[in-house]
Amino acid sequence: MKGLLLKDYYMLLKYCRPYALIVLIFGVCSLADGGNLFMLAYPAVLCGINSVSLLAYDEKSRWQQYCETMPYTRKQVVDSKYLMSFLLIAGLSVVLAAAHSLVGAVRGIFNPVWVLNIFCLIWSVGHAFSAICLPMIFKYGSEKGRVMYIAVVVVFCVAFVNFGGYDFSEVSQLSGAFAVFAENPIYMVVLAVIAAVLFLGSMKLSEQFYMKREL
Amino acid sequence: MNAIEIRDLSKSYKDFNLEHLNLTLPGGCIMGLVGENGAGKSTTIKLILNMIHRDCGSISILGRDNVTEMQSLKEDIGVVLDEVGLPECLNRRQVGNIMALTFKNWDSDYFEALCVKLGVADQKKFGEYSKGMKMKIGIAVAMSHHPKLLILDEATSGLDPVVRDDVLDLLNDFTRDEDHAVLVSSHIVSDLEKICDYIAFMHQGQLVLCEEKDRLTELYGLIRCSAEQLKELNPQAVIGKSESPYGVEAVVRRAELPAGWEVSPIDIEELFVMMVRGRA
């Protein structure tokens, strides 16, 4: 599987630089506007998009057929894409959580609960996005699967733009379910665990879909 | 040992059926798979590589089952598809790095040497090459893990005659080792005529014939006559014909022709075209 990961790494370097730039901009903005969930969630969605984009490029170059002539199983092809997604999302979760910790410490408002919430939010959104989109792409290909992908992006964006009206770093200003989530990090941890389980289930589903697909 | 043994292989699609294919490629030989578009050549190659599911039949490659042992078999098979399939953003060095992590027997020095020999030694991105140059890189990749069997699907199409000749020389060199074999499908019958030991004709999902190349010219010939004269012949003797206002040209089995007929030699391309027309 190392060869598949190296190939995806080369392709990420070439094709996904614009995504990296957007992630950087949104990441920096989230540091300035610490309570805006959209600024935090959108980079996570972009991390999930990378694997979808890589699959589309694979289809365009007919790599998937070519890959069938190499000593890789279809399971390995699927797993490599999920592993790449996981590495990107986990990396982003750690980096943004660390950046918010650092900024919080410099400003003297470091709040470990808030940092944990950031980590869990990015982790959950990124993994959920990949978990929902990738099986459709593996089953129907990037052209047909893109319908699901666009729908999910729209839902994520609309949801988090609406949440943008709340300042989640100021728990005292929140009410209802938002306040419960912001005050109790255990809920966010549970959410992250659910996203991880969903991600693993999605990987198994994609393996099944891809095994049956005729390339 | 046979490089490929196909027994009673069938595959059905909505508008195409590959029917009860039996084919044997002996070790140390080159077999050319000839057929018009849609004859079933690519389907056969995909089935050999287990890229698609078969309806029935069995395929053995280098003495091993192509379903249960495909993973390990792929270390011994080099494949060039009609489109090479490498990502357009990669350069030759990156392709080499990926393949070194893919094949256990990857030989970086040999890959470099082949690229130099085929004139693709620069570090341009794959997408910047012409179709012919892409195919050359595909061929270099297919040969650089020292496979025992090469499978090429329309690999010489898009190459200029000089490069095609270089590629054909490479294939000839490859089969000097008795353990090596090549299955090559092509529309350019003259290429196959140059290098192949066996020719297999496919038409509408069926194997029309599979014979040693040299035997084909011994077995078949071309006659020119009138339509009336042709009707007098045993229908079994005629395997394809082309009628015009001036008469009939027909491909015949020499052995089933009565004495006295003047039979001209036929080249493989003529034989292929006439057989397809005769069966259309």
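**Domains of chain B.** I looked up the separation of the two domains of chain B in this predicted model. Taken over C-alpha atoms, the centres of domain 1 and domain 2 of chain B are 33 Å apart. I noted the bounds from the domain assignment: domain 1 of chain B covers 2-204 and domain 2 of chain B covers 216-279.

**Contact between the domains.** I then listed the residues in contact, and found 9 from domain 1 of chain B and 8 from domain 2 of chain B. On the side of domain 1 that touches domain 2, helix 7 (189-195) and strand 9 (198-203) of chain B each supply at least two residues. Helix 7 of chain B gives the largest share of that side, with 4 residues. I sorted the domain 1 side by class and obtained 5 nonpolar, 2 polar and 2 charged residues.

**Contact between the chains.** I next turned to chains A and B, where the contact draws 21 residues from chain A and 23 residues from chain B. On the side of chain B that touches chain A, I recorded helix 3 (residues 92-100) of chain B as the source of the largest share, 4 residues. The class count for this side of chain B came to 14 nonpolar, 5 polar and 4 charged residues.

**A single residue of chain A.** I finally examined A:Lys60, which I located in helix 3 (residues 37-61) of chain A. I entered A:Lys60 as exposed because 11 other C-beta atoms lie within 10 Å, and the cut-off for exposed is 12 or fewer. I also checked A:Lys60 against A:Ser142, 82 residues apart along the chain, and found their C-alpha atoms separated by 9.3 Å.

How values were computed: Residues numbered from 1 in each chain as written. Chains lettered and ligands numbered in written order. Predicted model: local features only at pLDDT ≥ 70, side-chain atom pairs only at ≥ 80, totals over all residues. Contact = placed C-beta atoms within 7 Å. Nonpolar A, V, L, I, M, F, W, Y, C, P; charged D, E, K, R; others polar. Domains from an automatic or database assignment. Buried ≥ 20, exposed ≤ 12 C-beta atoms within 10 Å, placed from the backbone.
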